[in-house]
Amino acid sequence: MVGREGRPVSCPCSIPRKLRWCSRPERLGRPDVRVAAASQQSRFRPLAAEPRSVAGKVLADGEASRNTDDKGNGHGHVTFSAWRRPSLRQLREFSLQGVKFYAFTVPHENTIQVAVWRQLGDVVAAGYRSSFDSSLPILVKVVAPEDSLSPGRIAARIGPLADLYQRKPFDRKTWVYWESFWVPGKVGKMCLKPLEAQSSVVLYAGQVPRPRHSAAVSTQDLAALESKAHAFADIYRRGVWPGICSRSGPGSDPFHPMARIAITALDMAVDLLEATSMLDAACGDAAWIACGFLSRRPEVKYTGVDIVEHVIEENRQKFPALRFMAADFSRETSLPATDFVFSKETLNHMFLDDAVRALHVLQSSGTRYLVTNIHRGAPNQLGETKGHHAHYAPYDYSLPPFNLRKLCQLVSINLEDWTEYALFAL
């Protein structure tokens with residue numbers, strides 16, 4: 001279970017290593033910590049697992065902090081501690097400019113969240129590749145409660161991301177979110193228990209209210225007479241959602257902040273629930289999750305479901321090791337029972353009554369948990385009157401007519417949009 005992995009360990013391989021990243025403040029609204037180039041000085045010790053010089057100083061203790069230099073001119077550095085080996089459960093390997101270390105994917109007591117940002121031009125050029133040249137610049141930032149990892153929905157209208165998707169010249173040096181991990185805030189205080197709100201998740205076995213059909217008004221597609229399957233198939237054929245790499249839309253491009261934040265949420269869910277199976281509803285073309293997440297998580301048995309049959313057939317050809325189903329999961333469909341269901345912005349493209357039915361179907365599958373994006377406090381009734389299946393409606397599944405029990409927030413997306421990935425009981 002989750003609570004067994006955080007005990008203090010005194011063996012040498014578990015001594016956290018302190019890494020120092022130097023910085024220069026950037027323009028307002030951008031992360032403000034720049035990773036320093038690898039030092040050529042011999043004072044840096046080699047990693048235990050890989051005997052070569054690295055850009056990090058190995059210390060036995062210390063405190064993660066952000067400081068200014070001796071001149072007081074605002075230049076600073078972030079110092080954090082991590083592990084040289086996976087000596088505790090839930091530790092995963094990370095690499096920053098050639099420096100390999102281990103950290104948590106789930107917040108624990110006495111840990112801080114560290115986020116890594118990359119330049120937009122670099123990640124667009126990489127496409128579905130998840131490895132980068134160690135010479136490419138990155139930014140590292142200790143995440144504060146008021147920070148947003150995504151620029152939010154306004155980025156679809158103005159800014160470098162909007163320019164990119166409008167096929168205009170864009171600022172290639174704009175910093176975009178890439179990944180997060182959690183490391184000790186104070187190494188001398190090694191009480192690394194899971195946070196209370198999360199450790200209680202795996203103990204939850206109660207019943208939750210089922211979504212209420214009576215509270216959702218039955219709706220229809222007001223912009224087309226075709227069935228929902230035909231409507232979404234037409235969306236793919238005509239490229240209604242203009243992704244750079246993905247026909248499932250910008251949020252499914254492998255470098256888009258929404259895809260990268262989703263990977264953070266998936267890592268958290270898998271480690272928190274000790275999951276070995278998941279259902280992706282709906283999966284779309286599945287490329288971002290196959291390349292960015294499943295390739296690192298071979299222990300997870302994946303099933304993707306989508307309403308567009310030709311997309312599912314293409315997925316089966318591209319990813320023969322993964323399982324795919326062509327189905328409308330808002331209708332009565334036999335879905336496999338898995339450790340959790342993952343749904344990324346799919347329910348938001350359903351009319352309210354469809355979304356209520358979809359949650360009924362997911363509950364009937366026997367799966368206990370749902371990981372999905374939400375808009376906290378959203379007026380769910382807006383989903384009754386949206387004009388087309390392609391239109392987006394904000395939903396909060398803890399509110400009527402969904403009435404699911406929210407177990408915890410996994411990761412915040414954008415504070416101004418009140419968005420986050422959350423874990424629900426089904």
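Reader: Which residues are buried in helix α4?

Author: In this predicted model, helix α4 spans residues 228-238, and its buried residues are Lys 228, Ala 231, Phe 232, Ala 233, Ile 235 and Tyr 236.

Reader: And what covers those buried residues of α4?

Author: The cover includes strand β10 (301-306) together with the helices α7 (309-318) and α8 (352-364).

Reader: What does the backbone do just after α4?

Author: Gly 239 follows just after α4, and this glycine takes a positive phi of about 65°.

Reader: Which residues other than glycine have a positive phi?

Author: Gln 97 is one of them, with phi near 45°, and it is found in the loop between β4 (91-96) and β5 (99-104). Asn 403 is another, with phi near 60°, and this residue belongs to the loop between β13 and β14.

Reader: Is Asn 403 buried or exposed?

Author: Asn 403 has a relative accessible area of 16%, and because the cut-off for buried is under 20%, Asn 403 counts as buried.

Reader: Staying with that loop, where is the cis peptide bond that involves Pro 401?

Author: The cis bond joins Pro 400 and Pro 401, with omega at about 5°, and Pro 401 has its place in the loop between β13 (369-375) and β14 (405-414). A cis peptide bond also joins Ala 281 and Ala 282, where omega is again about 5°; Ala 282 is found in the loop between β9 (277-281) and α6 (287-292).

Reader: Switching to the sheet, what is the order of its strands?

Author: The open sheet is formed by 7 strands in the order β11-β10-β9-β12-β13-β15-β14, and the pairing is mixed. At the edges stand β11 (323-326) and β14, each with a single partner strand, so each has one side left without a neighbour in the sheet. From one strand to the next, the twist averages 25°.

Reader: How do β10 and β11 pair?

Author: They pair in the parallel sense over 4 bridges, and Thr 303 stands opposite Arg 323 in β11.

Reader: Which helix packs on the sheet and touches β14?

Author: Helix α5 (residues 257-273) does so, touching β9, β12 (340-343), β13, β14 and β15 (419-425), and its direction makes about 145° with that of β14. Helix α7, for its part, lies across β10 and β11 and runs at about 165° to β11.

Reader: What about Trp 182, buried or exposed?

Author: Trp 182, which lies in strand β8 (residues 175-184), is buried, with a relative accessible area of 5%.

Reader: What is Trp 182 in contact with, leaving aside its neighbours within four places in sequence?

Author: Its contacts include Ala 103, Phe 104, Thr 105, Val 106 and Pro 107, and also Thr 264 and Met 268. As for Ala 115, it is 67 residues from Trp 182 along the chain, and the C-alpha atoms of the two are separated by 8.8 Å.

Reader: Last topic: what volume does the largest pocket have, and which residues are closest to its centre?

Author: The volume of the largest pocket is about 1,200 Å³. It is lined by 50 residues, of which Pro 250, Gly 251, Glu 345, His 349 and Tyr 392 are the closest to its centre.

Reader: How many residues of the lining are charged?

Author: The lining has 9 charged residues, alongside 25 nonpolar and 16 polar ones. At least two residues of the lining are supplied by each of α2 (160-165), α4, β13 and β14.

Terms used: Residues numbered from 1 in each chain as written. Predicted model: local features only at pLDDT ≥ 70, side-chain atom pairs only at ≥ 80, totals over all residues. Heavy atoms only, no water. Buried < 20%, exposed > 50% of the residue type's maximum accessible area, 1.4 Å probe, protein only. Contact = heavy atoms within 4.5 Å. Pairing = 2+ DSSP bridges. Axes fitted to C-alpha atoms, helices over the stretch in contact; angles between N-to-C directions. 1 Å grid on protein atoms, 1.4 Å probe; cavity = no way out; pocket = protein on both sides within 12 Å on 5 of 7 lines; lining within 4 Å. Points joined across faces, edges and corners; volume = space filled by probe spheres on them. Nonpolar A, V, L, I, M, F, W, Y, C, P; charged D, E, K, R; others polar.
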